[in-house]
Amino acid sequence: MVTFNEFRVLNELRQGLVQTQRQIAQAIGLSLGTVNGVIKGLKTKGLLSQDMQVTQEGMQDLEPYRVQNAVILAAGMASRFAPLSFEKPKAMFEVRGEVLIERLIRQLKEAGISDITVVVGYMKETFFYLEDELGVKIVVNPLYAERGNHASLYCAKEVLGNTYVCCSDEYYTENPFNAYVYRPYLSAVPGESVKKKYVLTADSSRKITKISRSGENCLYFVGPAYFDKGLSQQILGFIQDEYDEPSIKGKLWDDIMSDHIGELDIHVKAYPKETIYEFDYVTDLVAFDRDFFANVDSHILDNICNTLSCTRDDISDVEPVKAGLTNLSTLFSAKGVKYIYRHPGTGTDEIVNRKAEAFALQVAKELGLDDTFIYEDPQEGWKISRYIEGCAELDYGNRQQVARALQMARQLHTSGKQSPYSFDFYHEGLSIIRILREMKYPLPRDFDSLAARVGDIADKMHQEAGEPVLCHNDFYGPNFLVKGDEMRLIDWEYAAMGDAACDLGNFVAQGSGYTIEETLDILPLYYGRPATEQEQRHCLAAVGLVGWYWYVWAMYKGAMGNPVGEWLYIWYRAAKQFTEAAEKMY
């Protein structure tokens, strides 16, 4: 086994890029005296010839340090890169004339690393051409939407050994790869005030002793990592041991390494800051490549420009908004005015009528219920709205706000506006169930019995329902924008003709936390008078029905790889509790 300095000298000479001791010293950052001593020792061992050529024995001693392959992680959705990541994975964008992942693959091959595996997930089909054109292997991570990128690394477990692990969306101005590496490392660049990055603390030998998430005047992890066989097995072992633990689900492999850093022998390899670039947000990439925004092939940017009569140069301050349960949204400015671009989420084509939504949005604007609306494409489902600063959600504990919200529902229901579209929560729920059954989705044990009970009260509701009216059908706290005395009702995706009580059902079932008694107590705020017994039971039944619909909808979203978290249980409880209360009153 050679020492670290012996390896560095042999590796430099192997590449044939240097000829003299002085050149070697400059290339690897050692003193000339140290290099002379190392070379003398290598010649004594027979690893270098007298004319400074690496001997066959020298190549044999280098063999354990040969890089076997590379794994490129490319499965993530890159939600922070919205809205452009709605159209293609970040790794597929062209930066300074080259597609990011293609440049990365070429750099690996230029260093002599031809065995390359790309782990894909989000929009995976966009990567398939790389197999034929650049000779890589494709591995699909089916859990990319449910788990952190540790799952992508685990998908590549069969090939992990002496392996470079790379992010698919970084840009290296200089090729950082080498066919031989002495020891595992994380690449790093300097930062003055670093937050939400993996800050590396190392000892005098550059071994990493601590990984934290912020630091001052420090080195932080960005760029390729190198695992040797031992480290690969350790990391895979940690993932396997913890895989079924709930706490690991959202973790990156970097987090797992950080948790176990005291058990690992891994070093830091520092680069100048201008050598490695990562692009978390669109603004990062625009700052690096000034022509990117103007040249990028983007239907979304074209839609924005055409709708707002602006150019791409007028668009700025692009940043993602926390994804909603159904869609993806981005905040941006155009000519100094802030807007929201809404992009339809995965699987919504099956359950959302965009023509009905576009019709209802125009009505809502006319009635003064939603003056933020600018335009929606009824075919594709994208939408642009004005952004209102300083808004809060509706407070279910504020009776004045609740009264105002319910009167907005009353205004809509009594407006006389007639939509050509209708929405029946029970029948729509049955349609989703059919899709779930076709997908062989494992329905819960009590699913059929609850569906039967809901079907019974839905039948009773139909028998006593009045004429259908235009309803919002997603009428709950987060869809209200409250600013002082102003209140707006947004997100009209499910709006259509239906039973007015279902808007009240939405208001209660979707996170209000109201008991049966509290629900009955707010009904006069809607009717403007005490509710009749029939109205009371009808509204309680509507809460159960609507809760059941969203419960079914939540399972569908989960089946499509976009789980909604605790909402599923909230809707399940509303369906059971209020269906039982309505059954007693009927």
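These questions and replies cover helix packing, cavities and backbone features in a predicted model.

Me: Why is α14 called oblique to α18?
Reply: Helix α14 (residues 399-413) and helix α18 (residues 516-527) pack at an angle of about 50 degrees. Roughly parallel needs an angle under 35 degrees, and roughly perpendicular runs from 65 to 115. The angle fits neither class, so α14 is oblique to α18. Their axes are 8 Å apart, and the crossing is right-handed.

Me: What makes the contact between α14 and α18?
Reply: From α14 come Arg 399, Val 402, Ala 403, Leu 406, Gln 407, Ala 409, Arg 410 and His 413. From α18 come Asp 521, Ile 522, Leu 525, Tyr 526 and Tyr 527. By class, this contact has eight nonpolar, two polar and three charged residues.

Me: Why are α16 and α19 called oblique to each other?
Reply: The axes of α16 (residues 447-464) and α19 cross at roughly 140 degrees. Roughly antiparallel requires an angle over 145. The pair therefore counts as oblique. The axes come within 9 Å. Here α16 passes α19 in a left-handed crossing.

Me: Which residues make the contact of α16 with α19?
Reply: On the α16 side are Phe 447, Leu 450, Ala 451, Val 454, Ile 457, Ala 458, Met 461 and Glu 464. The α19 side includes Gln 534, Arg 537, His 538, Leu 545, Trp 548 and Tyr 551. The contact divides into 14 nonpolar, two polar and two charged residues.

Me: How do α18 and α19 cross, left-handed or right-handed?
Reply: The crossing of α18 and α19 is right-handed. Their axes cross at roughly 115 degrees and come within 10 Å.

Me: What in α18 meets α19?
Reply: Ile 516, Thr 519, Leu 520, Leu 523 and Tyr 527 of α18 meet Glu 535, Gln 536, Cys 539, Leu 540 and Val 543 of α19. Seven residues of this contact are nonpolar, two are polar and one is charged.

Me: How many cavities of 30 Å³ or more does the structure hold?
Reply: There are two. The largest has a volume of about 50 Å³. The second largest holds about 30 Å³ of space.

Me: Which residues line the largest cavity?
Reply: Leu 406, Leu 504, Gly 505, Phe 507, Val 508, Thr 519, Ile 522, Leu 523, Cys 539 and Val 543 do. Each counts as lining because it has an atom within 4 Å of a cavity point. The elements giving two or more residues are α17 (501-509), α18 and α19 (533-559). The largest share, four residues, comes from α17.

Me: Why does the lining of the largest cavity include polar residues?
Reply: The lining divides into eight nonpolar, two polar and no charged residues. Gly 505 and Thr 519 are in it. Gly and Thr both fall outside the nonpolar and charged lists, so they count as polar.

Me: What makes one residue in the lining of the second largest cavity charged?
Reply: That lining consists of Leu 186, Tyr 198, Leu 200, Ile 211, Phe 221, Trp 253, Asp 254 and Met 257. Asp counts as charged. By class the lining has seven nonpolar, no polar and one charged residues. At least two residues each come from β8 (185-202), β9 (208-227) and α9 (253-259).

Me: How do you know that the peptide bond between Ala 82 and Pro 83 is cis?
Reply: Its omega is about 5 degrees. Most peptide bonds are trans. Pro 83 lies in the loop between β1 (69-74) and β2 (94-95).

Me: What is the phi of Ala 78?
Reply: Phi is positive, about 50 degrees, although Ala 78 is not a glycine. Most residues other than glycine have a negative phi. Ala 78 sits in the loop between β1 and β2.

Me: What does Tyr 182 contact, leaving aside its neighbours within four places in sequence?
Reply: Tyr 182 is in contact with Val 2, Thr 3, Phe 4, Phe 7 and Tyr 65. The cut-off for contact is heavy atoms within 4.5 Å. Tyr 182 is found in the loop between β7 (171-172) and β8.

Me: Where is Tyr 182 relative to Leu 520, by C-alpha separation?
Reply: Their C-alpha atoms are separated by 72 Å. Along the chain they are 338 residues apart.

Definitions and conventions
Residues numbered from 1 in each chain as written. Predicted model: local features only at pLDDT ≥ 70, side-chain atom pairs only at ≥ 80, totals over all residues. Heavy atoms only, no water. Axes fitted to C-alpha atoms, helices over the stretch in contact; angles between N-to-C directions. Left-handed = near helix turned anticlockwise from the far one by under 90°. 1 Å grid on protein atoms, 1.4 Å probe; cavity = no way out; pocket = protein on both sides within 12 Å on 5 of 7 lines; lining within 4 Å. Points joined across faces, edges and corners; volume = space filled by probe spheres on them.
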